[in-house]
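Here's a quick tour of a structure you can turn around on screen as you read. We'll start with open space at the surface and work our way to the interior.

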Amino acid sequence: MTSRAAENIVSLSRNREGQLRDYFERLRARYNRPEFIYSDPLCVAYEWSEGSEREAAGLIAAWLSSGRASNIVDSSRRLLGLLTLDGRLSIGESVEGSSMREIRERLQDFKYRWLDSLTLAAALRALGLVTSAHGGAMAALGSFDDPAEETLIPAVRGLSGALESQAWALLEESGAEERNFRALKWLFSDPSRGGTAKRWMMWLRWFVREDEVDPGGHSELGAHRLLVPLDTHVFRISTYLGLSSRKTPNIRAAEEITAALRLLTPTDPLRYDFSIARIGILGHCPARVSKRICTPCALFPVCRAAVA
């Protein structure tokens with residue numbers, strides 16, 4: 001975390017920190033509940049058995065996490081169904097024991113946004129090649145982790161780089177077009193190229209944290225090292241609350257917001273992430289102030305947009 005980001009947040013008064021913590025806890029009590037998982041791509045992971053299968057399903061759902069949540073969930077389920085022959089194979093068997101050609105044939109004409117069956121077949125086969133040596137996707141990420149690093153971003157760089165290298169070679173062997181390579185770079189989103197690493201951080205939150213919503217399983221990686229998965233909802237609401245002074249949702253904004261949240265809960269800065277995202281995804285925090293919607297909100301007393 002950059003010291004500049006931390007300084008911007010430390011300037012908030014202790015009273016403000018206490019207010020934010022109290023109101024976030026109210027928000028969490030309402031939204032951080034299993035009945036709201038349906039509205040998040042995380043619900044796809046829960047449909048698979050614990051361990052490496054759930055981690056892989058979660059990673060694939062996270063890869064597709066661009067656009068409306070309902071479309072992401074539907075497309076992730078369809079992709080996993082095609083990949084595993086409607087569950088006759090495990091995800092591990094599908095990506096580790098199948099060739100890229102076999103995977104592509106199963107995906108048929110599947111397409112999600114700019115990701116077609118060729119790009120996804122290369123990515124999924126690369127996932128199999130990388131995870132087979134470690135026993136799962138989270139274990140593979142752990143192999144790139146240095147506990148001395150302040151965040152998990154370097155580990156993400158390592159895993160995304162390994163996956164991209166394998167998939168890139170597979171695409172080259174297949175005579176892929178330039179658009180496939182562009183889509184592949186977007187899919188793996190190597191943080192070294194900029195961006196917020198939102199989809200990677202979302203996946204890591206699911207499997208590093210553990211509570212009523214997040215399944216956890218890898219607390220050894222350290223919840224305190226997570227970076228907020230910065231989507232448009234979380235960025236907008238965070239600016240309303242004064243957690244970021246940034247104008248665009250970039251990596252600096254993600255660091256700044258995480259630094260602010262760490263002041264509230266030092267060992268678990270993403271404690272409120274699911275709840276914050278929920279009020280955006282469900283339309284309970286509108287882009288335009290609405291007295292009818294905003295007044296009952298748990299964050300209303302500390303929301304700068306609502307009281308302006």
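## The second largest pocket

Helix 10 and helix 14 (251-264) each put at least two residues into the lining of the second largest pocket. Keep in mind that this is a predicted model. The pocket holds about 260 Å³ of space, and 14 residues line it. Look for Thr151, Ile153, Arg157, Ile251 and Glu255 if you want to find the middle, since these lie nearest its centre.

What classes of residue make up the lining of this second largest pocket? Six are nonpolar, three are polar and five are charged.

## The largest pocket

Now for the largest pocket, with a volume of about 870 Å³. Its lining runs to 37 residues, and the ones nearest the centre are Ser65, Ser66, Gly67, Lys198 and Asp231. Two or more lining residues come from each of helix 5, helix 11 (178-188), helix 12 (198-208), helix 13 (232-240) and helix 15 (273-281). Helix 15 has the largest share, with five residues.

Sorted by class, the lining of the largest pocket comes out as 14 nonpolar, 12 polar and 11 charged residues.

## Helix 7 and its two faces

Which residues of helix 7 are buried? Over residues 100-107, they are Met100, Ile103, Arg106 and Leu107. These four sit on the same side of helix 7, because they span an arc of only 125° around the axis. The spacing fits a general rule: an α-helix has 3.6 residues a turn, so residues three or four places apart point the same way.

On the face turned away from that buried side, helix 7 carries Arg101 and Glu105, which are exposed. The buried residues, for their part, pack against helix 5 (69-83), helix 6 (91-96), helix 8 and helix 10 (153-173). Just after helix 7 comes Gln108, with a positive phi near 55°.

## The nonpolar core

The largest nonpolar core has 103 residues, and the members that touch the most others are Phe24, Trp63, Trp203 and Leu204. Helix 8 (residues 117-131) is the top contributor to this core, giving nine residues.

What does Trp63 touch, leaving aside residues up to four places away in sequence? Its contacts are Ala123, Leu124, Leu127, Leu163, Trp186, Leu187, Phe188, Arg199 and Trp200.

Terms used. Residues are numbered from 1 along each chain as its sequence is written. This is a predicted model: local features need pLDDT of at least 70, side-chain atom pairs count only at pLDDT 80 or more; totals for chains, interfaces and linings use all residues. Side-chain values use heavy atoms; hydrogens and water are left out. A nonpolar core is a set of buried Ala, Val, Leu, Ile, Met, Phe, Trp, Tyr and Cys residues joined through side-chain atoms within 4.5 Å. Buried means under 20% relative accessible area, exposed over 50%, partly exposed in between (1.4 Å probe, protein chains only). Contact means heavy atoms within 4.5 Å. The arc is that of the directions from the helix axis to the C-beta atoms. On a 1 Å grid over the protein atoms alone, a cavity is a set of points where a 1.4 Å probe fits but cannot get out, and a pocket is an open set with protein on both sides within 12 Å along at least five of seven lines; lining residues have an atom within 4 Å of a point. Grid points are joined across faces, edges and corners, and a volume is the space filled by probe spheres set on the points. Ala, Val, Leu, Ile, Met, Phe, Trp, Tyr, Cys and Pro count as nonpolar, Asp, Glu, Lys and Arg as charged, and the others, Gly among them, as polar.
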